[in-house]
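These entries record what I looked up in one structure, taken in the order in which I turned to each topic.

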Amino acid sequence: MATAIAGCSPAPLSTSAGDPSAQRVQAGEDAVVAGLVSRMSLERKVAQLIQPQINSFTAADMERYRFGSYLNGGNGGPYGDEFAPASEWLRLADEMFLASVKPLEGGEPAIPVMWGTDAVHGHTNVVGATIFPHNIALGATGDADLVRRIGAATAVEIEVTGIDWNFSPTVAVARDDRWGRTYESYSENPELVAELGAALVEGQQGVRGSEDYLGTGRVIATAKHFFGDGGTDNGVDQGEVTGDLNALMAIHAVPYPAAIAAGVETIMASFNSINGRKMHGNRALLTDVLRGQMGFDGLVVGDWNGHGQVAGCTVTDCPQSLLAGLDIYMVPDDWKGLMDTLIAQVRDGTIPEERIDEAVTRVLRVKYRAGLLDPDVQRPSQRGVAGRYDLLASPEHRALAREAVAASQVILRNDGVLPLAEGADILVAGMAADNIGIASGGWTLEWQGMTESNDRLFPNATSIWEGLKEATEARGGSATLSPDGSFTNRPDVAVVVFGERPYAEFAGDRKHLGFSDEEGLRLLRQFNSEGVPTVAVFLSGRPLWVNRELNLANAFVASWLPGSEGAGIADILTGAVSARGKLSFSWPNDCTGAPLNRAEGALFPVGYGLATGEISPMPVLGESCSLLDQAGSSVLFGQGRLADSAFAVALRKTGVPADVAALELFRGSPQGTGIAVRGHDRNAQEDSREIAMAAGSAFAIGSNESDARAYRVVYDVPERPAGRITLSLATSGDRGTPIDITQHMAHAAQKGWREMIVTEACAGTLADRALLFSSEAAFTFRIAEVARVEVAEGTGCSF
């Protein structure tokens with residue numbers, strides 16, 4: 001296959017053939033790596049290509065199997081604690097490293113392992129680290145030097161905890177803002193994405209050929225996801241990208257030659273398909289284009305079980321991906337089955353051993369460049385800045401984050417209320433005003449982010465409210481926090497902080513761009529009716545249709561997802577820092593969500609943003625959005641929805657006082673309930689839930705709103721129940737009349753995913769009631785979807 005990339009030229013990683021010193025470096029690297037590969041057994045070679053997550057293996061497994069790398073998932077933490085202190089992350093890094101280098105018999109080399117993490121806006125899996133603004137905000141700064149400095153600061157904080165490798169930057173060119181990962185993209189403009197992505201690579205790794213390249217305070221970077229993830233039809237995460245290949249590459253492949261030229265050592269394959277073929281199995285693109293045309297000589301790593309989505313593959317059986325050009329399988333939980341299968345497939349000739357050697361060579365080459373193959377390589381805690389916990393959210397890093405927040409604020413409207421007057425009495429309203437979790441968005445401590453905010457989880461952070469209070473009082477004014485907007489003394493101005501709740505990946509996919517959460521709208525209407533001028537501070541991971549809010553606000557600021565340094569917003573609102581943020585995405589004038597990617601049809605085009613004090617007359621905007629008036633999806637959980645219109649509660653075990661404990665994001669193990677709910681991978685990462693019930697426990701899930709429609713549940717029972725299982729329709733004060741479903745569950749065991757329909761015919765009144773499952777013995781089942789559906793009158797229940 002020969003494919004031209006419009007506007008791009010190959011950028012090989014190999015240094016110039018005319019540079020003798022570079023040739024000597026390359027020859028030494030090749031000799032060391034080839035010598036190691038020649039002494040490795042097949043089992044150890046295959047292990048270099050397997051990447052499990054820390055929740056699914058132990059140091060004893062590492063010693064036995066010698067994985068080449070491992071990762072922490074978005075909800076993973078050392079020793080099962082996702083909120084573990086930084087010292088525990090470093091302790092685990094040492095433990096795994098030492099297990100990987102224990103001597104092997106027969107002179108076989110023991111290859112040090114490397115740990116990969118998703119530190120996509122700072123080292124945000126770790127409590128206390130600096131939380132930088134997400135990429136969409138950095139795109140609004142347009143400042144490559146700022147992004148490069150953020151990359152360097154993030155790398156330092158990663159090395160503090162002993163981790164070697166970051167799965168960042170995301171260099172997706174988001175072209176449909178309904179996509180749930182839009183905030184991970186710098187811009188709809190491919191050239192800006194290329195410039196900022198390359199800068200983050202250099203910040204993390206250093207400049208290739210320089211003395212500090214992958215040295216102290218540097219980590220291995222990853223450009224992701226190759227390619228097209230930002231161009232799926234209708235913005236569906238992990239979906240289909242269609243169209244002329246050259247035209248697609250002229251947009252979505254543009255950032256990769258720039259990242260390669262910047263020296264990026266790893267590239268992650270994308271989940272999406274291109275014209276019907278999943279990227280994890282696309283040799284024409286992973287090998288012919290990425291390596292042959294673009295000259296990439298690092299390693300290609302898969303995404304979370306992405307190989308299992310290739311046609312003809314399962315998570316434990318997919319030679320197609322290796323043959324297509326994948327070098328490392330990210331197989332979080334099913335690593336043993338995949339390892340055994342790959343070994344067998346090499347022995348039976350399905351996979352040539354030469355291809356195994358090629359992949360292992362690429363893995364070891366990256367380890368060599370990172371210093372992991374040095375004869376005197378130290379355990380993680382003895383390298384660089386490891387253990388320097390004072391560098392996590394250091395004053396310098398927090399100042400950098402504050403600078404980035406201020407530089408990313410885009411003022412969309414201002415009738416003269418900005419900058420805020422000195423000495424003003426300011427009211428700060430909205431539940432997000434004093435909430436670091438909401439201001440930080442997804443990929444913050446947990447995969448889906450946090451809606452709570454406290455000093456334990458965010459010890460080194462300043463909320464938007466705190467930043468405004470400090471700035472206002474320093475200027476002789478006063479500030480009052482009132483989340484609900486109430487006040488006794490009329491303020492001079494109200495700052496209303498509102499926006500999207502955190503989400504990540506497919507959970508953030510939308511059908512349209514109409515902003516439907518009316519908290520901010522209610523507050524703006526309230527202040528408008530009371531004659532109080534308002535400044536709207538809008539937190540979001542993408543441009544959204546907010547015409548109603550724009551009409552009401554005297555000033556409107558797109559604040560994106562700023563992270564831990566809310567004082568950066570105060571810097572702009574008070575005029576302490578001159579506003580320079582410009583939109584890197586087109587802002588919509590209607591709510592349909594149809595992709596814009598151009599000035600025509602946009603309310604505000606790319607490049608728009610008011611300067612400090614600039615006044616912008618604005619006509620009254622149209623407020624009609626029929627999509628907001630339609631009944632929402634009947635899906636309560638599943639299809640990318642995470643119970644935002646549903647509730648999931650764990651009831652206390654039989655005989656234990658008290659009643660229910662809500663499960664935030666349908667996940668968790670409330671004390672004393674006997675219920676543990678964790679993410680489960682059905683078709684994609686954590687797209688379903690596994691519910692483990694202790695004997696005598698009960699679990700409920702259902703709609704908060706009045707709804708008399710039947711329930712449909714897509715479920716799976718891995719093992720036959722050991723005791724009686726009942727189902728009833730319950731409220732918080734009434735557990736309903738139970739029906740025995742033990743035989744149904746026994747019949748469903750090990751049959752795969754099935755569907756149950758619960759109607760009034762078997763369970764009684766449906767309106768305002770949740771499904772309640774109770775078990776006399778320990779029982780585990782899985783749920784992929786819960787929905788309210790219309791059924792014909794008289795329809796019976798089915799399981």
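**Entry 1: Disulfides**

I began with the cysteines and found that Cys-313 and Cys-318 form a disulfide, with 2.1 Å between their sulfur atoms. The model is a predicted one, and I read each value below as computed from it. I then looked up the torsion about the S-S bond: the value is 65°, and the link of Cys-313 and Cys-318 is right-handed. How many disulfides does the count come to? With sulfur atoms within 2.5 Å as the criterion, I noted three disulfides.

**Entry 2: Backbone geometry**

I next searched for cis peptide bonds. One joins Lys-224 and His-225, and its omega is about 0°. I placed His-225 in strand β5, which covers residues 222–226. Another cis bond runs from Phe-226 to Phe-227, with omega near -25°. Phe-227 belongs to the loop between β5 and β6 (240–241).

I also looked up Tyr-79, which is not a glycine and yet has a positive phi of about 55°. I located Tyr-79 in the loop between β2 (69–71) and α4 (86–100).

**Entry 3: Helix α6 against α7**

Two packed helices are described by the angle between their axes and the distance between the axes. I therefore noted both values for α6 (residues 144–160) and α7 (residues 190–205): the angle is about 35°, and the axes lie 7 Å apart. The crossing of these two helices, α6 and α7, is right-handed.

Which residues of α6 meet α7? From α6 I listed Ala-144, Val-147, Arg-148, Ile-150, Gly-151, Ala-152 and Ala-155. They face Glu-195, Leu-196, Ala-199, Leu-200, Glu-202, Gly-203 and Gln-204 in α7. Sorted by class, the contact of α6 with α7 has eight nonpolar, three polar and three charged residues.

**Entry 4: Helix α6 against α14**

I then followed α6 to helix α14 (residues 395–408), where the axes come within 10 Å and cross at roughly 145°. Is the crossing of α6 and α14 left-handed or right-handed? I recorded a left-handed crossing.

In this contact α6 contributes Leu-146, Arg-149, Ile-150, Ala-153, Val-156 and Glu-157. The α14 residues that they meet are His-397, Leu-400, Glu-403, Ala-404 and Ala-407. I sorted the contact of α6 with α14 by class and noted seven nonpolar, one polar and three charged residues. Ile-150 of α6 appears in the contact with α7 and also in the contact with α14.

**Entry 5: Cavities**

Rolling a probe the size of a water molecule over the atoms shows where empty space is left. I found 10 cavities of 30 Å³ or more in the structure. The largest cavity holds about 100 Å³ of space. It is lined by 16 residues, and those closest to its centre are Asp-118, Asp-303, Trp-443, Glu-505 and Gln-685. By class, I recorded seven nonpolar, four polar and five charged residues in the lining of the largest cavity.

**Entry 6: The second largest pocket**

My last search concerned the second largest pocket, which has about 1,100 Å³ of space. I noted 46 lining residues for this pocket, with Arg-667, Arg-678, Gly-679, His-680 and Glu-686 nearest its centre. Which element gives the largest share of the lining of the second largest pocket? I traced that share to strand β24 (residues 675–680), with five residues. The lining of the second largest pocket divides into 12 nonpolar, 20 polar and 14 charged residues.

How values were computed: Residues are numbered from 1 along each chain as its sequence is written. This is a predicted model: local features need pLDDT of at least 70, side-chain atom pairs count only at pLDDT 80 or more; totals for chains, interfaces and linings use all residues. Side-chain values use heavy atoms; hydrogens and water are left out. On a 1 Å grid over the protein atoms alone, a cavity is a set of points where a 1.4 Å probe fits but cannot get out, and a pocket is an open set with protein on both sides within 12 Å along at least five of seven lines; lining residues have an atom within 4 Å of a point. Grid points are joined across faces, edges and corners, and a volume is the space filled by probe spheres set on the points. Helices (H or I, at least four residues) and strands (E, at least two) are DSSP runs, numbered from the N terminus. Ala, Val, Leu, Ile, Met, Phe, Trp, Tyr, Cys and Pro count as nonpolar, Asp, Glu, Lys and Arg as charged, and the others, Gly among them, as polar. Axes are lines fitted to C-alpha atoms, for helices over the stretch in contact, and angles run from 0 to 180 degrees between N-to-C directions. A crossing is left-handed if the near helix is turned anticlockwise from the far one by less than a right angle, and right-handed if clockwise. Contact means heavy atoms within 4.5 Å.
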